[in-house]
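Me: I would like to go through this structure slowly and ask how each label is justified. Could you set each value against its definition?

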Amino acid sequence: MNLESLRALCLSFPAVTEDIKWGHDLCFSLGGKMFCVASMEPPFTFSMQVLDHEFEELIALPGIIPAPYLARYKWVLLENPFALEKTRLESLIRQSYELKKNKLSKKDLKLAGLV
């Protein structure tokens, strides 16, 4: 996975916005809630939220660490964007999107055009 393919995947989900935060991180959000953050400067890394039971499993793998500042919310940082096979990675990014979507209020879902 590279920045272009990550960006294409994230923007393929409904109502996703992107912006640059902290000067060099490309953030993908739904209803103002970030679900994926990618470094725009080398080396390419990115982070996302995972389910509680997946967190320990993933950070035990080489190339994946707890995301700085966000680990308490079960975010992982892929230091190696090839640490997981493409289908698993895409599934985890979709899941991170769905975790944020499930936390949106009915009003915010409507505003985002998701209901």
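**Labels and their reasons**

Reply: F28 stands opposite C36 in β3, where a strand is a DSSP run of E with at least two residues, numbered from the N terminus, and a helix is a run of H or I with at least four. This is a predicted model, in which local features need pLDDT of at least 70 and side-chain atom pairs count only at pLDDT 80 or more, while totals for chains, interfaces and linings use all residues. Residues are numbered from 1 along each chain as its sequence is written, and side-chain values use heavy atoms, with hydrogens and water left out.

Me: What makes β2 and β3 a pair?

Reply: Two strands pair if DSSP finds at least two bridges between them; strand β2 (residues 25–30) and strand β3 (residues 33–39) are joined in the antiparallel sense over six bridges, so they count as paired.

Me: Which strands are the edge strands of the sheet?

Reply: The open sheet has six strands in the order β1-β2-β3-β4-β6-β5, with antiparallel pairing. Its edge strands are β1 (16–21) and β5 (64–66), because each pairs on one side only.

Me: How do you know that C10 is in no disulfide?

Reply: A disulfide is a covalent bond between the sulfur atoms of two cysteines, and here the test is a pair of cysteine sulfur atoms within 2.5 Å. A search of the whole structure finds zero disulfides. For C10 the nearest cysteine sulfur, that of C36, is 4.1 Å away, so the pair does not meet the cut-off. Likewise, C36 is in no disulfide, and the nearest cysteine sulfur to it is that of C10.

Me: Why is C10 called buried?

Reply: Buried means under 20% relative accessible area, exposed means over 50%, and partly exposed lies in between (1.4 Å probe, protein chains only). C10 has a relative accessible area of 0%, and therefore it is buried.

Me: Is C36 buried or exposed, and what about F35?

Reply: C36 counts as buried because its relative accessibility is 0%. F35, which is found in strand β3, also counts as buried, because its relative accessibility is 0%.

Me: How far from F35 is Y97, counted along the chain and in space?

Reply: F35 and Y97 are 62 residues apart along the chain, and their C-alpha atoms are separated by 5.4 Å.
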